[in-house]
Amino acid sequence: MRVPNSVVLPVGTHIDCCQEGEVEEKRCDIMSKIAAMLEERKNNLSHFINNLEGSEESEFYVDQWEKLKEMENCALTVLDLVPVNCTDHRDIKKLEAVILEHVRNEELFPEVVRVLPPVYRHVEAAIVDVAQSEEMADHGMMDLQYLLSKLSHREHLANLGRELLQDILRYLHRIGLIIWYEEIKHLENTVFLQPTFLISMFKLLVRYRLVQQLESIS
């Protein structure tokens, strides 16, 4: 909701646990709740903006007003929910096809036709190679400067600088190949070449009703 022109594809899992005819009913219910949530957000933002504009001391709230106007201009496109049975490989392939169909839609993603410089492809291929090498630890964590030195020894990448590498890492982070939390001070120099490791860690740490589970332990 805070990223300009976001596109969201809701995915409903566990349809194998539903009765016949129940899937469509749940899909419609979820989509209507999403629509209601977006409408409520829109109304709340308008309400807050109007309150600030109507304040007798509105000049003191310029920063808040600008932030709210910025959020108001963040258009969010929510696509139709895709129901899947995660235990059925055919459903996974169906979901993959739907995702590819949407990301190739130039109306949804105007920059989809942009051609990346060759160095982006060279760095991406090199990072995949490093991540799959035997010397890579299972956690896939690597110091940014060390990664730069390893890549610089490869063909076509001898002139790779830190600034260009950071631009490429931002792109690879956006497409999900790697994870790089550059905005977090303690992690800005660490690149995660194995995002699946982080997912496994988060599944262990972030759990439904975790606080209640911990409190129930004597």
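These are my notebook entries on a pocket, a surface patch and two backbone angles in a predicted model.

**Entry 1: the second largest pocket**

I looked up the volume of the second largest pocket and found about 150 Å³ of space in it. I then listed the residues that line this pocket: Leu 38, Arg 41, Lys 42, Leu 45, Glu 72, Cys 74, Ala 75 and Leu 76. Which element gives the most to the lining? I noted helix H1, residues 22–53, which supplies four residues. By class, the lining holds five nonpolar and three charged residues, with no polar ones.

**Entry 2: Leu 76**

I took Leu 76 from the pocket lining for a further look. I placed Leu 76 in strand S3, which covers residues 76–78. Is Leu 76 buried or partly exposed? Its relative accessibility is 24%, so I entered Leu 76 as partly exposed; buried would require a value under 20%. I also checked Leu 76 against Pro 4. The two are 72 residues apart in sequence, yet their C-alpha atoms are 7.5 Å apart in space.

**Entry 3: the nonpolar patch**

I turned to the surface and looked up a nonpolar patch of about 500 Å². Which residues make this patch? I wrote down Met 201, Phe 202, Leu 204, Leu 205 and Val 206. I followed up one of them, Phe 202, and found it in helix H7, residues 195–205. Phe 202 counts as partly exposed because its relative accessibility is 40%.

**Entry 4: two histidines with positive phi**

I went on to the backbone angles. Most residues other than glycine have a negative phi. I noted His 14 with a positive phi, near 65 degrees. His 14 sits in the loop that runs between strand S2 (11–12) and H1. H1 is also the helix that gives the most to the lining of the second largest pocket. Is His 14 buried or exposed? At 52% relative accessibility I entered His 14 as exposed, because the cut-off for that class is over 50%.

I noted His 156 as well, with a positive phi of about 75 degrees although it is not a glycine. Where is His 156? I found His 156 in the loop between helix H5 (144–152) and helix H6 (162–174). The relative accessibility of His 156 is 56%, so I entered this residue as exposed.

Conventions. Residues numbered from 1 in each chain as written. Predicted model: local features only at pLDDT ≥ 70, side-chain atom pairs only at ≥ 80, totals over all residues. Heavy atoms only, no water. Patch = residues over 30% accessible without salt bridge, like charges linked within 9 Å, V, L, I, M, F, W, Y side chains within 5 Å. Areas by Shrake-Rupley, 256 points an atom, 1.4 Å probe, with all protein chains shown as cover. Salt bridge = Lys/Arg side-chain N within 4 Å of Asp/Glu carboxyl O. Buried < 20%, exposed > 50% of the residue type's maximum accessible area, 1.4 Å probe, protein only. 1 Å grid on protein atoms, 1.4 Å probe; cavity = no way out; pocket = protein on both sides within 12 Å on 5 of 7 lines; lining within 4 Å. Points joined across faces, edges and corners; volume = space filled by probe spheres on them. Nonpolar A, V, L, I, M, F, W, Y, C, P; charged D, E, K, R; others polar.
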